[in-house]
Number of protein chains: 2
Amino acid sequence: MDERGQTLSEQVHLALRESIVRGELPPGRRLLVLEIANALEISQAPVREALERLKQEGLLDSKSNKGSVVADIRKEEIEEIYALRELIEWHAVRQCLPMLRQSDLDELDAICERMRNAAESDDHFRFIDLDMDFHRFFFAKAGNRTILQLWDQITVKIKRFLAITNKLYFPDLLSIAEGHSPLIEALRAGDEAEIERRFIRHINEVWWRMDKSKDLQRTRR
Amino acid sequence: MDERGQTLSEQVHLALRESIVRGELPPGRRLLVLEIANALEISQAPVREALERLKQEGLLDSKSNKGSVVADIRKEEIEEIYALRELIEWHAVRQCLPMLRQSDLDELDAICERMRNAAESDDHFRFIDLDMDFHRFFFAKAGNRTILQLWDQITVKIKRFLAITNKLYFPDLLSIAEGHSPLIEALRAGDEAEIERRFIRHINEVWWRMDKSKDLQRTRR
DNA sequence: AACGATAAAATTATCGATAATTATATCGAT
DNA sequence: ATCGATATAATTATCGATAATTTTATCGTT
């Protein structure tokens, strides 16, 4: 189990979340408090609390007294999340524009470089984390902590979505990494309209290609 | 205690949330698990779970092993929330425009009428609920359930903010109720640019007036 | 008096068990 | 065989108590 996190509950929460995001616990999989507690050799309380948090994050579905099930990845929900993402991410980027320094662009370059590394070693999960870090940069810089929190919330679901779709539809991670360079270039050039065009396009690219593909959930019970 | 909600945890959660939003439990107030459990004559578990949820909602501050304290209402946070609100609410309203029917406008009128009633009986809390219902209408109609959830999340904090500021700065509830009529008129007329102007203005009106006023939190420990 | 170390008290985090609820299996009637 | 009723098992929700942690009080030293 993960050693980050102070309390047992946190550790269980983070460990389970990672497993769900990575798809090791697939949609539809039932999670039983006692089963997990026994497996980890701890009592039910912290497990219960961890499941409660996952519920709040929308990673688990559950009706009261009916237990917890790893949530489906519904096409409609991804669509909704991407609509929201487009809205807040462009807002964040625009807020950033006046304060962007050379050092910021360097940092973005560095993230891209790390993405290329992850791509070469075919480390899908590290790649996704870095991809999200790239975009998180603007939320952090924009200085609206409420929106930053919101980004961190939806990031969890986006990561889970990408963990599946990248493997299936975008095996060429290197080209995804390169997809970020035009963004940095545009930022460097400073033409706001062009920046907006490229960000909106970039954000929606994955989703646009997905739209036509088959349904996402597959595992049952 | 409140009878809504299936489980004890839920009941405690809703009851405490209401108390915090209404300001009966003021910012800085410490909440002790055992104290609450004894007062309600239940065990610690459901109380603990309720506090956990309030933490997640941002109504409580807490470090691990250090207990829970009713969160401050920080000016910066309200500012952030209103920036986010403007973004998503205008998005929701715009999404709605093509589908608005006469019956929808009637429904909005009805909510306004109820707001006037609440204003006349000087029921601040019911008034705030109705005010939020008015705006929730567009999120519900727009059909993006993720954004609707987001609205419900930030609504809690907005309500708490309004519960304080309305009493202090806007005692004339009737005029606030009337402030919604121009919105309905604009919707009826159908001029998108004008609708946008009026909504943006309306959303920010409270906040703009607040900005210059004194600090919000007052209660300590 | 101010400071730091130690002891006492308060509080949360975790535990293991019971009560309440829901899901599953069994069985007789049709 | 299918259905409904009943009993059984599985699982969550709640309980009361202990362990771990943090806060507060005490007290000697400077």
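Between chain A and chain B there are four salt bridges, a salt bridge being a side-chain nitrogen of Lys or Arg within 4 Å of a carboxyl oxygen of Asp or Glu. One of them joins R48(A) to E49(B), with the closest N and O atoms 3.1 Å apart. Before I go on, a word on conventions: this is a predicted model, in which local features need pLDDT of at least 70 and side-chain atom pairs count only at pLDDT 80 or more, while totals for chains, interfaces and linings use all residues. Residues are numbered from 1 along each chain as its sequence is written, chains are lettered from A and ligands numbered from 1 in the order in which they are written, and side-chain values use heavy atoms, with hydrogens and water left out.

Staying with the interface, 11 residue pairs, both at pLDDT 80 or more, are in polar contact between chain A and chain B, meaning a pair of N or O atoms within 3.5 Å, where within protein one must be able to donate a hydrogen and the other to accept it, and residues adjacent in sequence count only if both atoms are side-chain atoms. On the side of chain A that touches chain B, the elements giving two or more residues are α3 (44-56), α4 (75-96) and α7 (145-169), helices being DSSP runs of H or I with at least four residues, and strands runs of E with at least two, numbered from the N terminus. The largest share, eight residues, comes from α4(A).

In terms of area, the two chains bury about 2100 Å² between them, 54% of it on carbon and sulfur atoms, where buried area is the accessible area (1.4 Å probe) that two parts lose on being put together, summed over both. In chain A, the residues that lose the most area to chain B are E80(A), L87(A) and T146(A), together 25% of what that side buries.

Now to the DNA: which residues come nearest to strand D? Of the 18 residues around DNA strand D, they are R48(A), L8(B), S9(B), S43(B) and K66(B), a residue being near if one of its heavy atoms lies within 4 Å. Sugar and phosphate make up 83% of the atoms of strand D that come within 4 Å of the protein. From the side chain of S9(B), an N or O atom is 2.8 Å from a phosphate oxygen of strand D, and for K66(B) the corresponding distance to a phosphate oxygen is 3.4 Å. A base nitrogen of strand D, in turn, lies 3.1 Å from a polar side-chain atom of Q44(B).
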